[in-house]
There are 2 protein chains.
Amino acid sequence: MKIVAAKQLLKANDQLAEENRRHFSEAGVFVVNLVGSPGCGKTTLLEGLFAASADRLAPAVIEGDIAGQIDAERIAKLNVPVVQINTDGACHLDAAMIAAAVEGFDLAAIDMLVIENVGNLVCTAGFDLGEHLRVVVLSVTEGDDKIAKYPAIFQRSDALLITKIDLLEHTNFDVDRAVADYRRLNADGQVFQVAALTGQAMDTLADWIVNQRKNQPDRV
Amino acid sequence: MKIVAAKQLLKANDQLAEENRRHFSEAGVFVVNLVGSPGCGKTTLLEGLFAASADRLAPAVIEGDIAGQIDAERIAKLNVPVVQINTDGACHLDAAMIAAAVEGFDLAAIDMLVIENVGNLVCTAGFDLGEHLRVVVLSVTEGDDKIAKYPAIFQRSDALLITKIDLLEHTNFDVDRAVADYRRLNADGQVFQVAALTGQAMDTLADWIVNQRKNQPDRV
């Protein structure tokens with residue numbers, strides 16, 4: 001009985017996610033769902049990405065957090081439109097939350113909407129939000145075994161960003177092992193090794209996202 | 001309707017957790033529930049803790065993971081009894097899983113059982129497992145804003161371990177801010193700054209846990 005209910009909830013979420021995606025595509029807004037552990041560097045990555053793509057993409061952000069608005073305040077400082085969702089304890093965003101939050105934006109003025117999900121390498125994996133691209137962040141300080149230990153979210157991603165690569169020498173993280181583990185789960189996902197604080201490979205990442213947006217098949 | 005069901009589930013878990021705790025206390029086994037993000041350093045911390053307390057505590061471990069047995073294999077190498085729970089996608093351990101896993105141990109030969117929970121700073125907060133001590137791990141590489149962003153788990157903890165303190169100089173983590181945020185949520189929790197790889201403060205932590213076990217009020 002419980003399992004049926006959970007499946008029904010997921011099915012309802014998937015239908016709403018499809019509606020979100022159609023709405024975004026019609027409005028010409030490319031949507032990225034950014035997922036990863038607490039503290040893997042999602043917000044710092046966005047600060048670096050927006051700097052590296054400032055002349056090419058007009059971004060906006062939905063910040064998903066259990067509580068508070070620390071991340072939204074950081075994004076607002078960049079003069080990027082931002083809506084904060086507080087889940088009040090819930091462990092992931094869902095498509096209904098996104099549909100409500102999107103009301104707060106002028107979509108005509110936006111090229112790319114990044115949804116920064118709640119920091120959670122488990123529960124976020126099951127919920128399509130209506131994004132065009134799902135990007136998972138793994139910092140080198142978390143250890144190279146995390147892909148094997150939390151496979152679902154890596155399997156269902158379009159790209160893996162290995163972040164804080166500037167700290168690599170201070171860790172025992174083996175990039176080759178991480179990439180091999182990712183490849184076992186995901187044959188097509190792009191892999192980037194970036195450091196948002198030093199700017200390493202942020203231009204490459206920005207180029208890729210700009211191209212993904214151009215090649216988005218269902219873009220109107 | 002959904003909310004009622006969730007509350008009933010939590011109530012059932014709490015009752016089973018109380019039974020677990022009584023069972024552990026009667027057997028003279030002190031139980032620690034170790035929680036934190038993926039990659040915060042929980043398993044490495046256990047390796048360091050067992051080395052620092054080897055002459056004082058006979059430990060055992062329950063490893064909670066979505067998939068695989070990477071952590072259990074690390075613990076088994078120390079000749080410490082270990083049971084691996086695979087949650088098969090579920091985001092936290094619950095009291096029923098612990099009751100089943102405990103069947104795998106000879107409790108008479110154990111002083112302390114550490115339950116390494118699934119890496120998750122959100123969902124683990126709501127589930128009492130029947131532990132005597134809940135210890136939350138936060139690594140300096142995750143950033144000093146995580147306590148404010150994920151308050152529940154820190155509020156309901158007996159100690160905060162700030163780990164990977166050897167990497168502090170390479171980060172912008174402000175220890176004073178983290179401790180102040182913790183104090184706002186939790187007046188009584190102990191705070192330790194440790195580095196399991198270099199051994200920093202591991203003896204202090206081991207002393208504290210040994211004393212907590214001695215002072216456990218409901219210990220038989």
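Q: Why does Asp88(A) count as exposed in this predicted model?
A: The relative accessibility of Asp88(A) is 74%, and because a residue is called exposed when that value is over 50%, Asp88(A) counts as exposed. Asp88(A) sits in the loop between β3 (82-86) and α4 (95-102) of chain A.

Q: What is notable about the phi of Asp88(A)?
A: Phi of Asp88(A) is near 55°, which is a positive value in a residue other than glycine.

Q: Where does Lys164(B) lie, and what is its phi?
A: Lys164(B) belongs to the loop between β6 (159-163) and α7 (175-185) of chain B, and its phi is positive, about 55°, although Lys164(B) is not a glycine.

Q: How do you know whether Lys164(B) is buried or exposed?
A: Its relative accessible area is 17%, and since buried means under 20%, Lys164(B) is classed as buried.

Q: What makes Lys149(B), a residue of helix α5 (residues 146-149) of chain B, buried?
A: The relative accessible area of Lys149(B) is 5%, and because this value is under 20%, Lys149(B) meets the condition for a buried residue.

Q: Which residues is Lys149(B) in contact with, leaving aside its neighbours within four places in sequence?
A: Lys149(B) is in contact with Asp65(A), Ile66(A), Ala67(A), Ile70(A) and Asp71(A).

Q: Why is the pairing of Lys149(B) with Asp71(A) called a polar contact?
A: The two side chains come to 2.5 Å, and because the cut-off for a suitable pair of N or O atoms is within 3.5 Å, the pairing of Lys149(B) with Asp71(A) is a polar contact.

Q: Why is Arg74(B) described as partly exposed?
A: At 25% relative accessibility, Arg74(B) is neither under 20% nor over 50%, and therefore it counts as partly exposed. Arg74(B) is part of helix α3 (residues 70-76) of chain B.

Q: What does Arg74(B) touch, not counting residues up to four places away in sequence?
A: Arg74(B) touches Asp145(A) in the other chain, together with Thr43(B), Thr44(B) and Glu47(B). The C-alpha atoms of Arg74(B) and Thr43(B) are separated by 8.0 Å, although these residues are 31 residues apart along the chain.

Q: How do you know that α2(B) is largely enclosed by the rest of the structure?
A: Of the 11 residues of α2(B), 8 are buried, so the helix is largely enclosed. The buried residues are Lys42(B), Thr43(B), Leu45(B), Leu46(B), Gly48(B), Leu49(B), Phe50(B) and Ala52(B).

Q: How do the axes of helix α2 (residues 42-52) of chain B and helix α8 (residues 202-215) of chain B cross?
A: These axes come within 9 Å and cross at roughly 75°. Because angles from 65 to 115 degrees count as roughly perpendicular, α2(B) is described as roughly perpendicular to α8(B). On the α2(B) side the contact is made by Leu45(B), Gly48(B), Leu49(B) and Ala52(B), while α8(B) supplies Met202(B), Asp203(B), Leu205(B), Ala206(B) and Ile209(B). The residues of this contact divide into 7 nonpolar, 1 polar and 1 charged.

Q: What makes Ala27(A) partly exposed?
A: The relative accessible area of Ala27(A) is 31%, and because that is neither under 20% nor over 50%, Ala27(A) is partly exposed. Ala27(A) lies in the loop between α1 (2-26) and β1 (30-36) of chain A.

Q: What confidence does the predictor give?
A: Chain A averages a pLDDT of 94, with 95% of the residues scoring at least 70, and the complex is given an ipTM of 0.89 and a pTM of 0.92.

Methods:
Residues numbered from 1 in each chain as written. Chains lettered and ligands numbered in written order. Predicted model: local features only at pLDDT ≥ 70, side-chain atom pairs only at ≥ 80, totals over all residues. Heavy atoms only, no water. pLDDT = per-residue confidence, 0-100. Buried < 20%, exposed > 50% of the residue type's maximum accessible area, 1.4 Å probe, protein only. Polar contact = N/O pair within 3.5 Å; in protein donor to acceptor, adjacent residues only side chain to side chain. Contact = heavy atoms within 4.5 Å. Axes fitted to C-alpha atoms, helices over the stretch in contact; angles between N-to-C directions. Helix = DSSP H or I, 4+ residues; strand = E, 2+ residues; numbered from the N terminus. Parallel < 35°, antiparallel > 145°, perpendicular 65-115°, else oblique. Nonpolar A, V, L, I, M, F, W, Y, C, P; charged D, E, K, R; others polar.
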